[in-house]
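Got your viewer open? Let's walk through this one stop by stop, selecting as we go.

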Amino acid sequence: GFRERLEFMELLLIDYLHFLQIKEIQFKTNSLETIVDQLKRVTLVKEIDVFSDIEFDYWTGFYQYARNTYTTSLFLDTFRSINGQADQEIQGFLQISQPTKIKHFNQILIFLKQSEYALARKEVRILINQLSLIAIQGI
């Protein structure tokens, strides 16, 4: 179920990035860059709940140009369902995956800033694949 949620989130993200490309939206990344900096600071002290709250802010800001509030709500609810699980294995995965997330969040922002939406979609696929691998390997 965990991996299925990740795949669902990937589909929603790719669809949203395609929407941004079609509408030729110039994505403003300043606030998201600040959030990624906050995530970097929190990762160093391993505060998983704080990281999760800040990551939620990242995704909320990421969807700032969405016109379909239902899709945005589905994505954020799915994110919450993953991060709200009390399972220790899932919590361990969330802890381990933090540096991977930050790396790809940064790269996605670079592509958005350059209006390189196809590359941003590719980066989302890479992110989800890496998160799935971490979950499969149980690292």
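Before we start clicking, keep in mind that this is a predicted model.

**Stop one: T100.** Select T100, which sits in helix α6, residues 98-113. Its relative accessibility is 15%, and the cut-off for buried is under 20%, so T100 counts as buried. Now show what surrounds T100: beyond its neighbours within four places in sequence, you should find contacts with L127, Q130, L131 and I134. Those partners have a pattern worth a thought: in an α-helix there are 3.6 residues a turn, so residues three or four places apart point the same way.

**Stop two: the start of α6.** Add α5 to the selection. The α5 and α6 axes cross at roughly 45 degrees and come within 4 Å. That angle makes the two helices oblique to each other. On the α5 side, pick L94, Q95 and I96; on the α6 side, pick Q98, P99 and K101, and you have the contact. Colour those residues by type and you get 3 nonpolar, 2 polar and 1 charged.

**Stop three: the core.** Which residues touch the most other members of the largest nonpolar core? Select L20, Y58, W59, F62 and L112, out of the 45 residues in that core. Two or more residues come from each of α1 (2-22), α2 (30-45), α3 (48-62), α4 (69-83), α5 (88-96), α6 and α7 (117-137). The top contributor is α1, with 10 residues. Zoom in on L112 next: leaving out residues up to four places away in sequence, L112 touches L17, L20, F27, T29, F62, Y117 and A120.

**Stop four: α3.** Put a distance label between the end C-alpha atoms of α3 and it should read 20 Å. With 15 residues at 1.5 Å a residue, the expected span is 21 Å, so the two agree. Then pick out the buried residues of α3: I48, F51, S52, I54, E55, F56, Y58, W59, G61 and F62.

**Stop five: two backbone oddities.** Most residues other than glycine have a negative phi. Go to E24, in the loop between α1 and α2. E24 isn't a glycine, yet its phi is positive, about 55 degrees. Is E24 buried or exposed? With a relative accessible area of 66%, E24 is exposed.

Finish at S115, in the loop between α6 and α7. S115 is another non-glycine with a positive phi of about 55 degrees. Here the relative accessible area is 27%, so S115 is partly exposed.

Methods
Residues numbered from 1 in each chain as written. Predicted model: local features only at pLDDT ≥ 70, side-chain atom pairs only at ≥ 80, totals over all residues. Heavy atoms only, no water. Buried < 20%, exposed > 50% of the residue type's maximum accessible area, 1.4 Å probe, protein only. Contact = heavy atoms within 4.5 Å. Core = buried A, V, L, I, M, F, W, Y, C linked by side-chain atoms within 4.5 Å. Axes fitted to C-alpha atoms, helices over the stretch in contact; angles between N-to-C directions. Parallel < 35°, antiparallel > 145°, perpendicular 65-115°, else oblique. Nonpolar A, V, L, I, M, F, W, Y, C, P; charged D, E, K, R; others polar. Expected span 1.5 Å × (residues − 1).
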